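The exercises below concern the structure shown next. Each has a task and a solution in steps.

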Amino acid sequence: QVRLVQSGGGSVQAGGSLRLSCAASRSIFSTYVTYTMAWYRQAPGKQRELVARIASGGTPTYADSVKGRFTISRDNSRKTVFLYMNNLKSEDTAVYYCNAEKTADRSDTSWGEGTLVTVSS
């Protein structure tokens, strides 16, 4: 499994911005295997939901609730995926999790430890 280490997050006022990073322990893009990277979040009392996903060379996809505000990107050479969050809203408050899975068959799924993002209005 790929080990994922998250950084970033914290507290911000509504309208502010934050960046989350997720560093993988080994290559997420090679001749032999490619990983799709994603960010999920889980708010108190709610189920974990997909925020954004990006396959290597593919078009990113976003939850409707974050379209136009969040941007996911990946740097394969640095084995890192980012989530840029702008115009944050109180409803974005949640624990954010990085996720990796093999693109070919969605196996070898790994999760980061989670990072709390708190948006105050």
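**Exercise 1. List the contacts of Met 37 and place this residue in the nonpolar core.**

Step 1. Not counting residues up to four places away in sequence, Met 37 touches Leu 4, Ile 28, Ala 52, Arg 53, Ile 54, Ile 72, Arg 74, Val 81, Cys 98, Asn 99 and Ala 100; contact means heavy atoms within 4.5 Å.

Step 2. Note the basis of these values. The model is predicted, local features need pLDDT of at least 70, side-chain atom pairs count only at pLDDT 80 or more, and totals for chains, interfaces and linings use all residues. Residues are numbered from 1 along each chain as its sequence is written, and side-chain values use heavy atoms, with hydrogens and water left out.

Step 3. The largest nonpolar core has 29 residues, and those that touch the most other members are Met 37, Trp 39, Leu 83, Met 85 and Tyr 96. Such a core is a set of buried Ala, Val, Leu, Ile, Met, Phe, Trp, Tyr and Cys residues joined through side-chain atoms within 4.5 Å. Buried means under 20% relative accessible area, exposed over 50%, and partly exposed in between (1.4 Å probe, protein chains only).

Step 4. At least two residues of this core come from each of S3, strand S4 (35-42), strand S5 (49-54), S7, S8, S9 and S11. Strands (E, at least two residues) are DSSP runs, numbered from the N terminus.

Step 5. For context, nonpolar side chains tend to be buried together in soluble globular proteins.

**Exercise 2. Describe the surroundings and pairing of strand S3.**

Step 1. Strand S3 covers residues 18-24; 5 of its 7 residues are buried, so the strand is largely enclosed by the rest of the structure.

Step 2. S3 and strand S1 (residues 4-8) run antiparallel and are joined by 5 bridges; two strands pair if DSSP finds at least two bridges between them. Gly 8 has Leu 20 as its bridge partner in S3.

Step 3. S3 and S8 also run antiparallel, with 6 bridges between them. Here Cys 22 has Val 81 in S8 as its bridge partner.

**Exercise 3. Work through the salt bridges, including those of Lys 67, Arg 69 and Glu 101.**

Step 1. Apply the rule: a side-chain nitrogen of Lys or Arg within 4 Å of a carboxyl oxygen of Asp or Glu. The count comes to 7 salt bridges.

Step 2. Lys 67 and Asp 64 form one of them, at 3.1 Å from N to O. Both Lys 67 and Asp 64 are exposed.

Step 3. Arg 69 and Asp 92 form another, at 2.7 Å from N to O. This pair links distant parts of the chain, 23 residues apart: Arg 69 is in the loop between strand S6 (61-62) and strand S7 (70-75), and Asp 92 in the loop between strand S8 (80-85) and strand S9 (94-102). Arg 69 and Asp 92 are both buried.

Step 4. Glu 101 and Arg 106 form a salt bridge whose closest N and O atoms are 2.7 Å apart. Arg 41, Glu 49, Arg 69 and Asp 92 are joined into one network by salt bridges that share partners.

Step 5. Why is Glu 101 counted as buried? Its relative accessible area is 9%, below the 20% limit. Arg 106, at 52%, counts as exposed.

**Exercise 4. Classify the aromatic pairs and find the charge over the rings of Tyr 97 and Trp 111.**

Step 1. The structure holds 3 aromatic pairs. Rings of Phe, Tyr and Trp (its six-membered ring) pair if their centres lie within 6.5 Å; planes under 30 degrees apart count as stacked, over 60 as edge-to-face and the rest as tilted.

Step 2. The ring centres of Phe 82 and Tyr 84 are 6.0 Å apart and their planes are at 35°, so this pair is tilted. Phe 82 is buried at 6% relative accessible area, whereas Tyr 84 is partly exposed at 32%.

Step 3. Tyr 97 and Trp 111 form an edge-to-face pair, 6.5 Å centre to centre with 85° between the planes. Tyr 97 lies in strand S9 and Trp 111 in strand S10 (residues 110-111), 14 residues apart.

Step 4. Ring pairs link Tyr 40, Tyr 97 and Trp 111 into a cluster.

Step 5. The charged end of Arg 48 sits over the ring of Tyr 97, 3.8 Å from its centre, and over the ring of Trp 111, 4.6 Å from its centre. The criterion is NZ of Lys or CZ of Arg within 6 Å of the ring centre and within 35 degrees of the ring normal.

Terms used:
Helix = DSSP H or I, 4+ residues; strand = E, 2+ residues; numbered from the N terminus.
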